[in-house]
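Open your viewer, get your mouse ready, and let's take a walk through this model together. We'll go stop by stop, and at each one you pick something to select.

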Amino acid sequence: MKIAIINGPNLNLLGKRETDIYGNQPFEKYLDELKSVFPSVEFHYYQSNVEGELINEIQKVGFTVDGIVLNPAGYTHTSVAIGDAIAAIKAPVVEVHISNVHSREKFRHLSHVSGKSAGSIFGLGLKGYELAIRWLTDQR
Ligand code: DQA
């Protein structure tokens with residue numbers, strides 16, 4: 001089973017960035033944990049700070065992988081085009097946010113991604129990625 005994890009802007013700074021909100025762990029380290037929890041999953045990891053590059057990646061993997069775990073970060077709240085890309089592909093998408101976006105500033109309450117995704121997880125820290133993958137693997 002192939003699962004793509006796609007992270008949006010500033011998530012390359014996990015472990016250094018606003019650690020009170022996002023924690024101390026760089027994503028690459030967490031990815032190693034995920035690989036050991038799901039040894040039979042083939043992971044494709046991609047991170048970009050650029051909206052169009054995220055859309056290119058969603059289109060690229062969206063017809064070949066079995067599922068996508070997507071944290072569009074700040075673009076969640078602004079990008080109609082990322083929402084459109086999710087609607088255009090075949091693979092189911094689970095939207096994940098590390099923080100509870102609904103307990104934060106009002107502009108974070110809007111998601112252009114939720115309505116196009118199979119489901120959304122927010123506020124459960126990095127664990128949200130594992131839960132999303134668990135759901136995707138259970139779909140097979
Ligand atoms: C985030 C929440 C977004 O509002 C924010 O812009 C991020 C990260 C999260 O994972 O909690 O960069 O997607």
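Helices (H or I, at least four residues) and strands (E, at least two) are DSSP runs, numbered from the N terminus. Before clicking, note that this is a predicted model, where local features need pLDDT of at least 70 and side-chain atom pairs count only at pLDDT 80 or more, while totals for chains, interfaces and linings use all residues. Residues are numbered from 1 along each chain as its sequence is written, and side-chain values use heavy atoms, with hydrogens and water left out.

**Stop 1: H77**

Select H77, in the loop between strand 3 (67-71) and helix 4 (80-88). Is H77 buried or exposed? Its relative accessible area is 11%, so H77 is buried (buried means under 20% relative accessible area, exposed over 50%, partly exposed in between, with a 1.4 Å probe and protein chains only). Now show L110 too: a polar atom of the H77 side chain lies 2.9 Å from the backbone oxygen of L110. That pair is a polar contact (a pair of N or O atoms within 3.5 Å; within protein, one must be able to donate a hydrogen and the other to accept it, and residues adjacent in sequence count only if both atoms are side-chain atoms).

**Stop 2: L110**

Stay with L110, which belongs to the loop between strand 4 and strand 5. L110 is partly exposed, at 47% relative accessible area. For a distance check, pick L54 as well: the two C-alpha atoms are 19 Å apart, with these positions 56 residues apart along the chain.

**Stop 3: the ligand**

Next, click the ligand. Which residues are around the ligand? You should find R17, Y22, N71, A73, G74, H77, H97, I98, S99, V101 and R108 (a residue is near a molecule if one of its heavy atoms lies within 4 Å of it). Sorted by class, this shell has 4 nonpolar, 5 polar and 2 charged residues (Ala, Val, Leu, Ile, Met, Phe, Trp, Tyr, Cys and Pro count as nonpolar, Asp, Glu, Lys and Arg as charged, and the others, Gly among them, as polar).

Zoom in on the side chains of three of them. An N or O atom of S99 is 2.6 Å from a ligand oxygen. Polar side-chain atoms of H97 and R108 each lie 2.8 Å from an oxygen atom of the ligand. On its own, the ligand exposes 320 Å², and the protein buries 97% of that (areas come from the Shrake-Rupley method with a 1.4 Å probe; for residues, only the protein chains shown count as cover).

**Stop 4: two unusual backbones**

Most residues other than glycine have a negative phi. Select A73, one of the residues around the ligand: it has a positive phi of about 50° although it is not a glycine. A73 is in the loop between strand 3 and helix 4 and is buried, at 11% relative accessible area. Then jump to N10, in the loop between strand 1 (2-7) and helix 1 (19-22). N10 also isn't a glycine, yet its phi is positive, at about 75°. N10 counts as partly exposed, at 36% relative accessibility.

**Stop 5: H102 and A132**

Select H102, in the loop between strand 4 (93-97) and strand 5 (119-122). H102 is partly exposed, with a relative accessible area of 40%. Add F122: 20 residues separate the pair in sequence, and 8.4 Å separates them in space, C-alpha to C-alpha.

Finish at A132, in helix 5 (residues 127-138). What is the relative accessibility of A132? It is 0%, so A132 counts as buried.
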